[in-house]
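Colleague: I'd like to go through the charged pairs here and hear the reasoning behind each label. Can you walk me through it?

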Amino acid sequence: MSSSTKGGRGKPKAAKSVSRSSKAGLQFPVGRIARFLKLGSTPNELELALPFISQPFSSTLQLRVLELAGNAARDNKKNRIVPRHIQLAVRNDEELSKLLGTVTIANGGVLPNIHQNLLPKKTGKGKGEIGSASQEF
């Protein structure tokens, strides 16, 4: 017997399924983003288009964070990006710090900061202050 579906016998061969991400030429998982958006309260008209609309924003944000984190890793003479580099990149960038202000990055640490009152006072002599006033004639 052949495996054709003549005469209504057997199941027709299904076509190879293609994801919405590959149809749109995107890297982000459109189906997963759509599933997460369904959990929220979005209007039904936007549910179909929102994963495609939000993808450029997500990829731009990802590129920016990775570029800044790569620069931070290179500044520390490392070849691999670790959470510390992501923390330094996000907190040193004004816009990303505002966007991710309430986000805690695990194993990110804190920014190096020493309060001005804790630093030693600078007691250097200026150009006009050579010697003391009592020794001048």
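Modeller: Let's fix the accessibility words: buried means under 20% relative accessible area, exposed means over 50%, and partly exposed is in between, with a 1.4 Å probe and protein chains only. This is a predicted model, so local features need pLDDT of at least 70 and side-chain atom pairs count only at pLDDT 80 or more, while totals for chains, interfaces and linings use all residues. Residues are numbered from 1 along each chain as its sequence is written, and side-chain values use heavy atoms, leaving out hydrogens and water.

Colleague: Why is glutamate 95 called exposed?

Modeller: Its relative accessibility is 52%, and the label needs over 50%, so exposed it is.

Colleague: And what makes aspartate 93 count as buried?

Modeller: Aspartate 93 comes out at 16%, and the cut-off is under 20%.

Colleague: Why is arginine 64 only "partly exposed"?

Modeller: Arginine 64 has 33%, which falls between the 20% and 50% limits.

Colleague: What makes arginine 64 and glutamate 95 a salt bridge?

Modeller: A salt bridge needs a side-chain nitrogen of Lys or Arg within 4 Å of a carboxyl oxygen of Asp or Glu. Here the N to O distance is 2.8 Å, so the pair qualifies.

Colleague: Which salt bridge joins arginine 64 to aspartate 93, and at what distance?

Modeller: Their side chains meet at 3.1 Å, N to O, again inside the 4 Å limit. Arg64, Asp93 and Glu95 are thus linked in a network of salt bridges.
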